[in-house]
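Me: I have a structure open that I would like to talk through, piece by piece. Please begin with whatever term I need in order to follow the strands.

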Amino acid sequence: MPNRLADETSPYLLQHKDNPVEWYPWGDEAFAKARDEDKPVLLSVGYSSCHWCHVMAHESFEDEATAALMNQWYVNVKVDREERPDVDGVYMTAVQAITGQGGWPMTVFLAPDGRPFYAGTYFPPSDGHGRPGFPRVLEALHDAWTGEREKLLASAEGITEHLQRAASRVPGAVQLPDDAAARAVDAFRSLHDAEWGGFGGPPKFPSPSNLEFLLVYAAAHKAEPRARAGLEATLHTLRMMAQGGMYDHLGGGFSRYSVDTMWLVPHFEKMLYDNAQLVRVYLHAYQLTHDPLFERIVRETLTYLQREMRGPEGGFYSAQDADTEGIEGKYFVWTVPEVEELLGEDAPLFLAYYNVTEQGNFEDPHHPEFGRRNVLSTPRPIEEVARALGIEDVEAEARLVGMREKMLAARELRVKPGLDDKGLASWNGLALAAFAEAARVLGDPEYRAIAEQNALFLMSKLWDGERLRHTYKKGKAKVDGLLEDYAYVGLGLVELYKLDGQLAHLDWARALLGIILERFRDAETGGFFESPADGEALIIRQKSFFDAATPSGNGATALLALWLARYYNRADYEAVAPEVLRQVSDHLLQAVTGFGTILQALEFASSSPRELVIVGEPAARAPLEREVAQRFLPWLAFAPTSDGRGLPMFEGRDSVPAGEARAYLCENMVCGLPVSSAEELAAQFDVSMP
């Protein structure tokens, strides 16, 4: 008989609705039961595409004997970390404080008032690999709860006090040095893997916020050797990621991370947030280099998002699983005979270029019977492979296009990985920014239509005119919007405004920032909380400054405030970024890899104000806008308009005769002469932004 998770909308929670465990969703009912029955709460947190979450579920939560212990001694609460990142953040902080590390699945034991007294991540079904078996943990903590409760409650009190002190830390009095951004670039360079790219050892994550910081620094400081070196490190990383197995060479898009140093074997889950962010990083690399590889990765990744991750209402889904039928990577990997059967006489070229061998390069350790298979990668350039096979480069590339299409069509017939089909406001905001900017830079009307439909989805399904909701599925929007929801959606709307010049997008972004300033700001010590002042009260109210896989809420807020300060000429918005920077001034340079978004805000805040207004009907503006799109101009407040009304920067920029357009480029409150041709605008760019 299904448990209480059967009424939830989260795909992750629904995966557990038939467990013999008497799961409760997070809420008052579970904690009231714990108080009434004098039991501790067992909190289990994960997400739908988490491989080890599936493993622990199969080993323990589907096991009748283990479930009986859980039901007898605990009130069991299951949380989708993507649906409740505020709950996840609080208790992940506890796990890290207790164990020194974190991750998912997350397992936390709580007093009935929510205070944690013991925590861990994955527990095996029996003792092994240096971890106690889950049944033994359950029994030991039950014995302690019934026999030594005072010790457990004292531990819970101490842990909670520690978390509260950390959450309420007063920012340091350290002043960031003027060359803080330059020092950060040097720090990244010292961590760079010169052979394989990336910053640090395996497992290797793409960390798009850090790559983006290095690109914007390079664009702003072209004459500096360190900027050029940082740019080369970033471009090398992007190329190595694109040729490795972490990139899906048939279907486009990136997996979550690579387990090795070569970006070869991925953890196969695919997340909306990774791909949306990486689209923009590769797009900016393309603007800087005009390397067709980067454009191809952008287009293929957007095609993947459109094909696999876009719902009928215009919103984007959250994730695809790593596993298929319980086997990690099964959907994505290949054997030599499979390729030969599909491609026939073309197979030798495909096998050589995509490094498919008899010995393979991947095996699921939990299912050795599946055998060794191949994750596709391209370690050798096509010219080298073609030469070895006696084929012309152009012919080889043309043949590979058809082969990839045939292989993808065959893969589509396989059982697909599970899909987490809930929509999150925050991650949709990232996707909105990706499609809108790609539409503007690449001039693709289909991307534009997708961006516009996504904004409509966000407004119609997740916005009630006063606040955002965090999650949506099948007509139900729920969970109060968090800081990341408001900030990411606001940033997506800024990119959509740059695309189509509709002031309604900027006005909505300004409304979202207004809510952030009203409901999320810490009026005492500065910065912004993850949850609103009128939201659910947890044991601590956290602030996020450190980037996880997504931009920190405070960093994203600083960027949004800076954009709207430039567009609306608001000094109070401009002051947000320094406020955020003060919060981390004492440890920013000690851990630069965690602050890519805030480092971008630092660069933005220190840049000279730059604005470009192009007045005219869309068709007349098009040549001028194409000139803008060719260049990576990170902090340019670009404003296309038909009538020159609605923003302070439009003052004195009247409408122009039909069929004509004018561009007004200004930097640091000094404007050049208006120009009407792309060539004249290019000349102004070359002088003011060489």
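Reply: Two strands count as paired if DSSP finds at least two bridges between them, and strands, which are DSSP runs of at least two residues, are numbered from the N terminus. Please also keep in mind that this is a predicted model.

Me: OK, so which residue of strand 9 is the bridge partner of Lys 270?

Reply: The bridge partner of Lys 270 in strand 9 is Gln 320. Strand 8 and strand 9 (residues 319-320) are joined by two bridges and run antiparallel.

Me: And what order do the strands of that sheet come in?

Reply: The order is 8-9-12, in an open sheet of three strands with antiparallel pairing. Strand 8 (270-271) and strand 12 (419-420) are the edges, since each of them pairs on one side only.

Me: Switching to strand 3, is it buried or exposed?

Reply: Strand 3 (residues 75-80) has six of its six residues buried, so the rest of the structure largely encloses it. Val 75, Val 77 and Val 79 point one way, while Asn 76, Lys 78 and Asp 80 point the other way, and all of these are buried.

Me: How many bridges does strand 3 make with strand 2?

Reply: Strand 2 (residues 41-46) pairs with strand 3 over six bridges in the parallel sense, and strand 1 (residues 23-25) is also parallel to strand 3, joined to it by three bridges. Asn 76 appears in both pairings, as the bridge partner of Trp 23 and as the residue that Leu 42 stands opposite.

Me: Now Met 56, what is it in contact with?

Reply: Apart from neighbours within four places in sequence, Met 56 is in contact with Phe 61, Pro 105, Thr 107, Thr 121, Tyr 122, Phe 123 and Phe 134. Met 56 belongs to helix 3 (residues 51-61), and it counts as buried because its relative accessibility is 0%, where the cut-off for buried is under 20%. Tyr 122 is 66 residues away in sequence, yet the C-alpha atoms of Met 56 and Tyr 122 are 6.7 Å apart.

Me: You mentioned Pro 105, so which loop holds it?

Reply: Pro 105 sits in the loop between helix 5 (85-99) and strand 4 (106-110), and the peptide bond leading into it from Trp 104 is cis, with omega near 5°. Another cis peptide bond joins Pro 202 to Pro 203, with omega about -5°, and Pro 203 is in the loop between helix 8 (180-191) and helix 9.

Me: Why bother pointing those out, along with any positive phi values?

Reply: Most peptide bonds are trans, and most residues other than glycine have a negative phi. Ser 207, which is in the loop between helix 8 and helix 9, has a positive phi near 45° and counts as partly exposed at 33% relative accessibility. Asp 38 has a positive phi of about 55°; it lies in the loop between helix 2 (28-37) and strand 2 and is partly exposed, with a relative accessible area of 41%.

Me: What about the inside, how many cavities of 30 Å³ or more are there?

Reply: The search of the whole structure finds three. The largest cavity has a volume of about 560 Å³ and is lined by 32 residues, with Glu 212, Arg 280, His 284, Glu 495 and Gln 600 nearest its centre. Helix 11 gives the most to this lining, with six residues, and by class the lining divides into 18 nonpolar, seven polar and seven charged residues.

Me: Helix 19 also contributes to that lining, so what span should it have for its 18 residues?

Reply: At 1.5 Å a residue, helix 19 (residues 483-500) should span 26 Å, and its end C-alpha atoms are 26 Å apart, which agrees. Helix 19 is mostly covered, with 18 of its 18 residues buried, and Gly 501, just after the helix, takes a positive phi of about 70°.

Me: Last one, which residues lie nearest the centre of the second largest pocket?

Reply: Leu 293, Arg 296, Tyr 353, Thr 378 and Ile 382 lie nearest the centre, out of 22 lining residues. The second largest pocket has a volume of about 650 Å³, and its lining has 12 nonpolar, three polar and seven charged residues.

Notes
Residues numbered from 1 in each chain as written. Predicted model: local features only at pLDDT ≥ 70, side-chain atom pairs only at ≥ 80, totals over all residues. Heavy atoms only, no water. Helix = DSSP H or I, 4+ residues; strand = E, 2+ residues; numbered from the N terminus. Expected span 1.5 Å × (residues − 1). Buried < 20%, exposed > 50% of the residue type's maximum accessible area, 1.4 Å probe, protein only. 1 Å grid on protein atoms, 1.4 Å probe; cavity = no way out; pocket = protein on both sides within 12 Å on 5 of 7 lines; lining within 4 Å. Points joined across faces, edges and corners; volume = space filled by probe spheres on them. Nonpolar A, V, L, I, M, F, W, Y, C, P; charged D, E, K, R; others polar. Contact = heavy atoms within 4.5 Å.
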